[in-house]
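Work through the exercises below with the sequence and the model side by side. Try each task before reading its solution.

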Amino acid sequence: MKKIAVKASKPYEVLIEQGLLSECGKLIAKTTGAGFAAIITDDIVDRLYSEKVISSLEAQGIKTVKYVFKNGESSKSSDNLNKIYNFLAENGITRTDLLIALGGGVTGDITGYAAATYLRGVRFVQIPTTLLAQIDSSVGGKTAINLPCGKNLVGAFKQPELVICDPLTLRTLSDETISDGMAEAIKYGMIRSRELFDIIASRNLKNYFEIIDDVIYRCVSIKRDIVENDEFDTGERMLLNFGHTIGHAIESFFNYETYTHGKAVASGMHIMTEQAVKHGDCSSEALDALDSVLRSYDLPLTTEASVTELVPLCSKDKKCESTSINAIVCSDIGKASIRKMPFSDFKAYMES
């Protein structure tokens, strides 16, 4: 089993091993000592894994209840959050109990935010079942829900007690969902590690599983290092937003229906890097390498929306500060920087 210790304001471990889902009850009992847990999951993951997780928990004497919601980004809403609050209240969840996020990024985000706010704070565990969640969203303590006018605009920092990653859960995912996760993995390579980027580029969507344990470990290790340096996202952690400012704008422009998060981020990385090349801030060779690996994982480079249409939506991104925006630019593979610029300059930069 691979273990990564995250020394945040609330220290915890990320555990990575194939087949670990069957052992989750033992791991959770040992780490938390909880006797009562509420699983929060979506209707797809529920059919696949809830029974296994509940059996493992109950074998350790942990009483378990379950809340299931409809899968998809639209469920990361205040309406669904209030339903979760009511479910927790109706089942008598207290501060000594535990929430368990079983699923992908949407599940982890909304469960984490419920844990951060219900009774002013309840412990929670992440059991991510998608690649995107295993390498990115389950680690670092960011939790949130969406508003109609923007993504992740209401949230809180809430570190989990434990993160349990079982790569075997990826076997049940569609190619599209794997592509989503690989977009985030490619992002990690672009901002911090040429070695990781080359490992990802050595495979494609058809044989990715040969490298997946190593990719998960390397991505989580990079995020651990960044989170430990900047837990509350005021400096270095903004590097993790590479491709996301434009990516979130793409998601918003298409009402979160046409482009998945990973595909939007992939397009965002290409668009941002293409502009960096035009301004002499990045080599064309780096852009070519990025585009090649994005294509190998069936990820898009552009969208039907023009940059002129997308840029105004970037003003709603969390990385904006009054009239300025923190743009993430990669000067080469593995090298990224934060560039704070007035929004008018950002607009000119992107539309040149």
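The exercises go from helix packing to cores, strands, buried polar residues and loops.

This is a predicted model, in which local features need pLDDT of at least 70, side-chain atom pairs count only at pLDDT 80 or more, and totals for chains, interfaces and linings use all residues. Residues are numbered from 1 along each chain as its sequence is written, and side-chain values use heavy atoms, with hydrogens and water left out.

**Exercise 1. The buried face of helix 13**

Task: Find the buried residues of helix 13 (residues 343-351) and state how they are arranged around its axis.

Solution. Start with the terms. Helices (H or I, at least four residues) and strands (E, at least two) are DSSP runs, numbered from the N terminus. Buried means under 20% relative accessible area, exposed over 50%, partly exposed in between (1.4 Å probe, protein chains only).

Step 1. Phe343, Phe346, Tyr349 and Met350 are the buried residues of helix 13.

Step 2. Their directions fall within an arc of 115 degrees seen down the axis of helix 13, so they line one face of the helix. The arc is taken over the directions from the helix axis to the C-beta atoms. An α-helix has 3.6 residues a turn, so residues three or four places apart point the same way.

Step 3. Now list the partners. The buried residues of helix 13 pack against helix 9 (244-253), helix 10, helix 12 (307-314), strand 11 (324-332) and strand 12 (335-342).

Step 4. Check one of these partners, helix 12. Its residues Leu310, Val311 and Cys314 are buried. They cover an arc of only 110 degrees around the axis, which puts them on the same side of helix 12.

**Exercise 2. Helix 10 against helix 13**

Task: Describe how helix 10 (residues 261-278) packs against helix 13.

Solution. Step 1. The two helices pack at an angle of about 85 degrees, with their axes 8 Å apart. Axes are lines fitted to C-alpha atoms, for helices over the stretch in contact, and angles run from 0 to 180 degrees between N-to-C directions.

Step 2. That angle makes helix 10 roughly perpendicular to helix 13, a label for angles of 65 to 115 degrees.

Step 3. Helix 10 contributes Ile271, Met272, Gln275 and Ala276 to the contact, and helix 13 contributes Phe346, Tyr349, Met350 and Glu351. Contact means heavy atoms within 4.5 Å.

Step 4. Look at glutamine 275, in helix 10. Glutamine 275 counts as buried because its relative accessibility is 3%. Beyond its neighbours within four places in sequence, glutamine 275 touches Tyr349, Met350, Glu351 and Ser352.

**Exercise 3. Two nonpolar cores**

Task: Identify the residues that touch the most other members of the largest nonpolar core.

Solution. Step 1. A nonpolar core is a set of buried Ala, Val, Leu, Ile, Met, Phe, Trp, Tyr and Cys residues joined through side-chain atoms within 4.5 Å.

Step 2. The largest core has 74 residues, and Val14, Met182, Ile186, Ile200, Tyr297 and Phe346 touch the most other members. Helix 6 (residues 175-192) supplies the largest share of this core, eight residues.

Step 3. A second, separate core has 22 residues, including Leu27, Tyr49, Leu162 and Ile164.

Step 4. Return to phenylalanine 346. Leaving aside neighbours within four places in sequence, its contacts are Thr245, Met272, Val311, Cys314, Ile325, Ala327 and Met341.

**Exercise 4. Strand pairs**

Task: Give the sense of pairing for strands 2 and 9, and for strands 7 and 8.

Solution. Step 1. Two strands pair if DSSP finds at least two bridges between them.

Step 2. Strand 2 (residues 12-16) pairs with strand 9 in the parallel sense over four bridges. Leucine 15 stands opposite isoleucine 164 in strand 9.

Step 3. From strand 9 (residues 162-165), Leu162 and Ile164 point one way, Val163 and Cys165 the other, and all are buried.

Step 4. Strand 7 (residues 142-147) and strand 8 (residues 150-157) are antiparallel, with five bridges. They form a hairpin with two residues between them. Lysine 142 has phenylalanine 157 of strand 8 as its bridge partner.

**Exercise 5. Glutamine 126 and arginine 120**

Task: Decide whether glutamine 126 and arginine 120 are buried or exposed.

Solution. Step 1. Glutamine 126 is in strand 6 (residues 123-128). At 5% relative accessibility, glutamine 126 counts as buried. Its contacts beyond four places in sequence include Ser137, Leu162, Val163 and Ile164.

Step 2. Arginine 120 sits in the loop between helix 4 (105-117) and strand 6. At 76% relative accessibility, arginine 120 counts as exposed. Its phi is positive, about 60 degrees, although arginine 120 is not a glycine.

Technical notes. Parallel < 35°, antiparallel > 145°, perpendicular 65-115°, else oblique.
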